[in-house]
Amino acid sequence: MALDYLAAGKYHEALVIFAKLDRKYKLNHRFKAYMGVCYYYEWEYAEACKYLDEAIPHLDAYSPDERSVYYNIAAESHFELKEYGKAIPMYEKRLLVCNDNEKADALYRMGFCYMFQEKWGNAADCFRSALAYYTSYPNRNGTARTKQLGNMINGCEAKQKPHSFK
């Protein structure tokens with residue numbers, strides 16, 4: 001029943017059942033990942049990170065598409081918590097398994113992670129890569145973002161240049 005609720009987008013209901021099952025039976029890592037997904041959609045990012053960070057290292061046997069979802073949700077949860085150093089490796093893992101048309105969004109968010117850490121060169125590189133993917137694989141986010149990315153790249157490059165003293 002919890003899986004039916006999860007598939008239907010009824011995350012709170014699914015989470016209630018998963019939690020009861022976990023207390024009684026100690027759920028496996030895949031079900032822990034499901035719980036992390038539920039917490040994410042309930043905007044409980046710290047709990048999502050707790051469950052996904054524990055489960056992800058044990059999910060290599062599952063399909064790339066499924067792992068891509070877990071990596072993305074873990075990355076987004078860490079991003080929301082301003083844990084950019086923890087978000088970046090999750091985005092990087094997602095890049096290894098996601099479809100090419102999904103890479104632009106991951107690179108875009110990685111660019112912000114680096115930018116918020118003031119790693120301007122890395123941020124500019126991610127934004128350039130995101131721009132290339134948005135251009136090659138247009139999607140719902142791409143139009144607005146392609147316009148913004150040129151400014152983002154220029155801003156990062158300007159921050160990266162040493163200031164001259166006159």
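**Exercise 1. Cysteines**

C98 is buried, with a relative accessible area of 7%. The model is predicted. Work out how many disulfides it holds, and account for C98 and C49.

*Solution.*
- Step 1. A disulfide is a covalent bond between the sulfur atoms of two cysteines. The test is a pair of cysteine sulfur atoms within 2.5 Å.
- Step 2. Take C98. The closest cysteine sulfur belongs to C126 and lies 13 Å from the sulfur of C98, so the gap is too far for a bond.
- Step 3. By this rule the count is 0 disulfides. C49 is therefore in no disulfide; its nearest cysteine sulfur, that of C113, is 12 Å away.
- Step 4. Check exposure. Buried means under 20% relative accessible area. C49 has 4%, so C49 is buried. C98, at 7%, is buried too.

**Exercise 2. A helix pair**

Describe how helix 6 (residues 84-97) packs against helix 7 (residues 103-116).

*Solution.*
- Step 1. Two packed helices are described by the angle between their axes and the distance between the axes.
- Step 2. Here the angle is about 160°, and the axes are 9 Å apart. Angles over 145 degrees count as roughly antiparallel, so helix 6 is roughly antiparallel to helix 7.
- Step 3. Add the handedness. Helix 6 and helix 7 make a left-handed crossing.
- Step 4. List the contact. Helix 6 contributes Y84, A87, I88, Y91, E92, R94 and L95. Helix 7 contributes K103, A106, L107, R109, M110, C113, Y114 and F116.
- Step 5. Sort these residues by class. The contact has 11 nonpolar residues, 4 charged and no polar.

Terms used:
Residues numbered from 1 in each chain as written. Predicted model: local features only at pLDDT ≥ 70, side-chain atom pairs only at ≥ 80, totals over all residues. Heavy atoms only, no water. Axes fitted to C-alpha atoms, helices over the stretch in contact; angles between N-to-C directions. Helix = DSSP H or I, 4+ residues; strand = E, 2+ residues; numbered from the N terminus. Parallel < 35°, antiparallel > 145°, perpendicular 65-115°, else oblique. Left-handed = near helix turned anticlockwise from the far one by under 90°. Contact = heavy atoms within 4.5 Å. Nonpolar A, V, L, I, M, F, W, Y, C, P; charged D, E, K, R; others polar. Buried < 20%, exposed > 50% of the residue type's maximum accessible area, 1.4 Å probe, protein only.
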